[in-house]
Amino acid sequence: MTIHRAYNLWGILFCGVMATSFGFALLYSVYSHIQSNGWQQSKATVIGIENRPKSAELRYTYNVDGKDFTGDKFAFLSEGTIFDKMLINDRYHVGDQIEVYVNTSNPNQSVVERRSLRFTYLWKHLLIVGFSGFLAVRCWHGLYKET
């Protein structure tokens with residue numbers, strides 16, 4: 001096995017995994033966004049905000065049919081974790097009463113913000129998937145070019 005063949009195999013593996021993982025994350029976010037359009041609005045209480053260097057997690061509790069649930073999903077679509085961190089820190093405080101959207105068929109699923117499906121939320125993932133896919137195909141082509 002030549003060194004170029006080994007590089008091509010690693011390139012296919014790495015770029016293929018990148019394209020696949022980012023692609024699935026993108027598809028799951030879009031699918032969840034579409035599904036959440038049918039979820040019911042419910043009152044919730046902010047119980048915690050955990051700030052990290054480049055992100056923040058908003059935790060809240062809500063009640064469905066007399067049973068309490070805890071959620072931490074802020075939005076399915078995002079321009080980035082830093083952007084969402086700024087929104088969370090500006091808009092929410094522990095103890096605030098907020099509205100969340102809850103999946104009534106599975107009350108463990110909830111989200112604070114339902115955003116419109118816009119390119120600004122998708123372009124980074126699409127760029128990574130496209131570029132990684134392109135590189136994987138180039139490595140695949142290089143693998144068979146040698147033989």
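**Sheet, core and salt bridges of the predicted model**

Of the 147 residues in the protein chain, 37% are buried. The model is a predicted one. Its accessible surface amounts to about 9,500 Å², and carbon and sulfur atoms contribute 61% of that area. Three helices and five strands make up the secondary structure of the chain, and these elements follow one another from the N terminus in the order α-β-β-β-α-β-β-α. Among contacts in the chain with a separation of 6 or more, 68% are between residues 24 or more positions apart.

The five strands are arranged as an open sheet with the order β3-β2-β1-β4-β5, and the pairing is antiparallel. The edges of the sheet are occupied by β3 (67-71) and β5; each has a single partner strand, so one side of each lacks a neighbour in the sheet. Strand β1 is joined to β2 (residues 56-64) by seven bridges, the two strands running antiparallel. Within this pairing, V46 has Y60 of β2 as its bridge partner, and N51 lies opposite A56 of β2. The connection from β1 to β2 is a hairpin of four residues. Strand β1 is also joined to β4, here by six antiparallel bridges; one of the pairs places A44 with I98 of β4. Strands of a sheet pair in general through backbone hydrogen bonds.

Helix α2 packs on this sheet, where it touches β1 and β2. The direction of α2 makes about 100° with that of β1.

The largest nonpolar core holds 17 residues. The members that touch the most other members are L58, Y60, Y62, F74, I98, V100 and V112. At least two residues of this core come from each of β1, β2, α2 and β4, and β2 gives the most, with five residues. Two of the residues named above also appear in the strand pairing: Y60 as the partner of V46, and I98 as the partner of A44. The surroundings of V112 illustrate how parts of the chain meet at the core. Leaving aside residues up to four places away in sequence, V112 touches L58, Y60, K73, F74, Y92, I98, E99, V100 and Y101. This list includes the core members L58, Y60, F74, I98 and V100, together with the charged residues K73 and E99.

A75 is found in the loop between β3 and α2. A75 is buried, with a relative accessibility of 9%. Not counting residues up to four places away in sequence, A75 touches V111, E113 and R115. The C-alpha atoms of A75 and H33 are 8.4 Å apart in space, although 42 residues separate the two in sequence.

Six salt bridges are counted in the model. In one of them, the side chains of E99 and K43 meet with an N to O distance of 3.2 Å. E99 belongs to strand β4 (residues 97-102) and K43 to strand β1 (residues 40-51), so this pair ties together parts 56 residues apart in sequence. E99 is partly exposed at 32% relative accessibility, whereas K43 is exposed, with a relative accessible area of 60%. The pair thus links β1 and β4 through side chains, in addition to the six bridges that join these strands.

A second salt bridge is formed by E113 and R91, whose closest N and O atoms are 2.7 Å apart. E113 is located in the loop between β5 (110-111) and α3 (119-145), and R91 in helix α2 (residues 81-91), so the pair ties together parts that are 22 residues apart in sequence. E113 counts as buried, with 14% relative accessibility, while R91 is partly exposed at 47%. E113 is also one of the residues that A75 touches.

R59 and E57 form a further salt bridge, with 3.6 Å between the closest N and O atoms. R59 has a relative accessible area of 28% and is partly exposed. E57 is buried at 18% relative accessibility, buried being defined as under 20%. Salt bridges with shared partners join E57 and R59 with E50 and R52 into one network.

Key:
Residues are numbered from 1 along each chain as its sequence is written. This is a predicted model: local features need pLDDT of at least 70, side-chain atom pairs count only at pLDDT 80 or more; totals for chains, interfaces and linings use all residues. Side-chain values use heavy atoms; hydrogens and water are left out. A salt bridge is a side-chain nitrogen of Lys or Arg within 4 Å of a carboxyl oxygen of Asp or Glu. Buried means under 20% relative accessible area, exposed over 50%, partly exposed in between (1.4 Å probe, protein chains only). Contact means heavy atoms within 4.5 Å. Accessible areas come from the Shrake-Rupley method with a 1.4 Å probe; for residues, only the protein chains shown count as cover. Two strands pair if DSSP finds at least two bridges between them. Axes are lines fitted to C-alpha atoms, for helices over the stretch in contact, and angles run from 0 to 180 degrees between N-to-C directions. A nonpolar core is a set of buried Ala, Val, Leu, Ile, Met, Phe, Trp, Tyr and Cys residues joined through side-chain atoms within 4.5 Å.
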